[in-house]
Amino acid sequence: MRLDGEGPLHRQLYRALRGAVLSGRLRAGKRLPSTRALARELRLSRNTALLATEQLLAEGFVVSRERAGLFVAEIAQRPARAAPRKADERPLRLSAAGVRMQAVVGAGRASWNPWQRLLPYDFRYGEPSYADLPLETWARLLGRRARRLGARRLAYQAPGGADELREALAQYLARARGVVCSPEQIVIVHGSQQAIDLVTRLLVDPGSRVVIEEPHYSGFAFCLRAAGAELVPIPIDGQGLMTDGLEPVRD
């Protein structure tokens, strides 16, 4: 059995065993080698072999028999269902919002992946300086909190985010930024893009005319177009948006 050399060892072993099961090299009902035998044969630790076989067991590729070991499951090698004929395929019916999103995503797909190419000098926004992040400290604190995780945290939480986090942020903002707000006024999001999307959903209707700086953040324009807004780009100068280009507001 050969490992592919990509990623952690237990994932490599898992993929090798799963491939052997799916291809029929390990037939249904056949007993898997023990974790000790796998570790010895491939010169791996037994923990690595245990992790790989536990993943196979969790996904139903193998079954455990008391005092006998692990055996390839029957369900793992059932013949796949034939793909539907093209004549039977029907296009997915999307909502008006779905059609707009499909068009916007399709137009910007070429530049959507930030890891598509490596650049000698990367001036793209949105990516932090990973070398400056205290990743070891972050991982240690995250692990400490995860070990103390209670059942209450596994249920649905407040839509605005954890109460403790919002209270801590309200105190920090008042102390460090001079922003006076209550925890109820804070909403925790995954990033600026989600925040823009939420605000757009609240304030913009299909057909609304929205003024936007030119040049502008493309992620903002994406949300506006997906919402069906009509973009009104206004140039900027050294002082910001050139308000002389704005049309008078009609009642």
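**Salt bridges, sheet and burial in the model**

Glu230 is partly exposed, with a relative accessible area of 41%, where buried stands for under 20% relative accessible area, exposed for over 50%, and partly exposed for what lies in between (1.4 Å probe, protein chains only). The structure is a predicted model, in which local features need pLDDT of at least 70 and side-chain atom pairs count only at pLDDT 80 or more, whereas totals for chains, interfaces and linings use all residues. Residues are numbered from 1 along each chain as its sequence is written, and side-chain values use heavy atoms, with hydrogens and water left out.

The side chain of Glu230 forms a salt bridge with that of Arg209, at an N to O distance of 3.5 Å, a salt bridge being a side-chain nitrogen of Lys or Arg within 4 Å of a carboxyl oxygen of Asp or Glu. This pair links distant parts of the chain, since Glu230 belongs to strand β4 (residues 230-237) and Arg209 to strand β3 (residues 209-214), 21 residues apart; helices (H or I, at least four residues) and strands (E, at least two) are DSSP runs, numbered from the N terminus. Arg209, like its partner, counts as partly exposed, with 46% relative accessibility.

The structure holds three salt bridges, and the remaining pairs are found within helices. Side chains of opposite charge can pair when their charged atoms come close. In helix α6 (residues 163-177), Asp163 and Arg166 lie three residues apart, about one turn of the helix, and their side chains meet in a salt bridge at 3.1 Å, N to O. Asp163 is partly exposed at 44% relative accessibility, whereas Arg166 is buried, its relative accessible area being 12%. In helix α7 (residues 192-203), Asp197 and Arg201 are four residues apart, again a separation of about one helical turn, and the salt bridge between their side chains has an N to O distance of 2.7 Å. Of this pair, Asp197 is partly exposed, with a relative accessible area of 23%, while Arg201 counts as exposed at 57% relative accessibility.

As to the overall arrangement, the protein has eight helices and five strands, and from the N terminus on the elements follow the order α-α-α-β-β-α-α-α-α-β-α-β-β. Three of the strands form an open sheet with the order β3-β4-β5 and mixed pairing. β3 and β5 (240-241) stand at the edges of this sheet, each with a single partner strand, so that one side of each is left without a neighbour in the sheet. Between β3 and β4 the pairing is parallel and extends over six bridges, two strands being taken to pair if DSSP finds at least two bridges between them. The chain crosses from β3 through α8 to β4 in a β-α-β crossover that is right-handed, that is, clockwise along the path from the first strand over the helix to the second, with the strands pointing away from the viewer. Within the β3-β4 pairing, Val210 has Leu231 of β4 as its bridge partner, and Glu214 stands opposite Pro235 in β4.

The connecting helix α8 (residues 218-226) contains several buried residues, namely Gly219, Ala221, Phe222, Cys223, Leu224 and Ala226. This helix is followed by Gly228, which has a positive phi, near 85 degrees. Burial was also examined in helix α3 (residues 46-58), where Thr48 is found. Thr48 counts as buried at 13% relative accessibility, and, when residues up to four places away in sequence are not counted, Thr48 touches Leu9, His10 and Leu13, contact meaning heavy atoms within 4.5 Å.

Over the protein as a whole, 20% of the 251 residues count as buried. Among the contacts in the protein with a separation of 6 or more, 40% are accounted for by residues 24 or more positions apart. The protein exposes about 20100 Å², of which carbon and sulfur atoms supply 55%; accessible areas come from the Shrake-Rupley method with a 1.4 Å probe, and for residues only the protein chains shown count as cover.

On the surface, Leu92, Leu94 and Val99 make a nonpolar patch of about 300 Å². Patches are made of residues with over 30% relative accessible area and no salt bridge, like charges being joined within 9 Å and nonpolar side chains (Val, Leu, Ile, Met, Phe, Trp, Tyr) within 5 Å. Of the patch residues, Leu94 lies in the loop between β2 (69-72) and α4 (96-108) and counts as partly exposed, with 37% relative accessibility.
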